[in-house]
Amino acid sequence: MQNLEFRDMNIDEVLLMRSWGVNSNPLLKSYDFWPRTEEECKYWHHEKTKDFRNKYFVYMYEKDVICYISIKNIKKNYNSTLGIVMDPRYQDRGVGSFILKDFIKKYKKMGFKKMELKVDLFNKRAIHLYKKLGFVTRAKTISIFDGKREDISPNMRKYFFIAPGIILSKCLIMEVRL
C-alpha cells in the first residue's frame, strides 16, 4: 500500500481514531477503539504512554489513522513486546502484512534484536500472518478474555477456559529474531 506515513502517536492521532470501524467478529471486540469523547481519548493516550518503557506509533493513510503499534516493556537488551491494532475497515486487504513488514524493518533500524508478541489462539488470521513473517512459537500462556461468554460459539470453546466469573483465552507467545 503506497502513501503510508509512519509517526509517533500523539493525541491528535488518537482523536482521529474515533472514526474507526468495529470488528464484526465478537471475539475481537476488545480491539475496537472505545474512546469517543475528547476527554476519554486524552485519558486513553495518557494511560498508554505514561510508562517510559512503552512507545506508540501510528500508520496514516491520507488523513486516516489505520493502525497503531506499540512496543512495550522495552529492555536494555533490545527487545520488547509488540502490539498491533488495525482499523477494521482496513483488514483483509493485505495492509496489515505490509505494515508489519515495514515496522519490522524500522524496529531493526532502531537497534532491536528480538520482537515478541502474544496472540489469542482463536485469532488464526493473525497467527498465519506472524508465521509468514518468521515468527515462531516460544510458549503458550493464557490471558483474561474481556468479551462475553455468549460470544464464544461451541466450536470456539476449545480456545478458552471458562469458569464461573472468569473467561481465560489460550494464547501463544511468538517471537522473531532480527
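Trainee: What share of the contacts in the chain with a separation of 6 or more comes from residues 24 or more positions apart?

Mentor: This is a predicted model: local features need pLDDT of at least 70, side-chain atom pairs count only at pLDDT 80 or more, and totals for chains, interfaces and linings use all residues. Residues are numbered from 1 along each chain as its sequence is written, and side-chain values use heavy atoms, with hydrogens and water left out. Contact means heavy atoms within 4.5 Å. Of the contacts with a separation of 6 or more, residues 24 or more positions apart account for 61%.

Trainee: Which pattern does the chain follow along the sequence?

Mentor: Helices (H or I, at least four residues) and strands (E, at least two) are DSSP runs, numbered from the N terminus. The chain has 4 helices and 8 strands. Read in sequence order, the pattern is β-α-α-β-β-β-α-β-α-β-β-β.

Trainee: What radius of gyration does the chain have?

Mentor: The radius is taken over C-alpha atoms, and the globule rule is 2.2 Å times the number of residues to the power 0.38. For 178 residues that rule gives 16 Å, and the chain comes close to this, so it is as compact as a globular protein of that length. Its radius of gyration is 16 Å.

Trainee: Which helix gives the most to the largest nonpolar core?

Mentor: A nonpolar core is a set of buried Ala, Val, Leu, Ile, Met, Phe, Trp, Tyr and Cys residues joined through side-chain atoms within 4.5 Å; buried means under 20% relative accessible area, exposed over 50%, and partly exposed in between (1.4 Å probe, protein chains only). The largest core has 29 residues, of which Ile 99, Phe 103, Tyr 130 and Phe 135 touch the most other members. Elements that each supply at least two residues include strand 3 (64-72), helix 3 (95-109) and helix 4 (124-132). The most, 6 residues, come from helix 3.

Trainee: How many residues are in the second, separate core?

Mentor: This core includes Met 9, Cys 41, Trp 44 and Val 65. Its number of residues is 14.

Trainee: Is Asp 92 buried or exposed?

Mentor: Asp 92 lies in the loop between strand 4 and helix 3. Its phi is positive, about 65 degrees, although it is not a glycine. With a relative accessible area of 65%, Asp 92 is exposed.

Trainee: In which loop is Asn 73?

Mentor: Asn 73 also has a positive phi, near 55 degrees. It counts as partly exposed, at 35% relative accessibility. Its place is the loop between strand 3 and strand 4.
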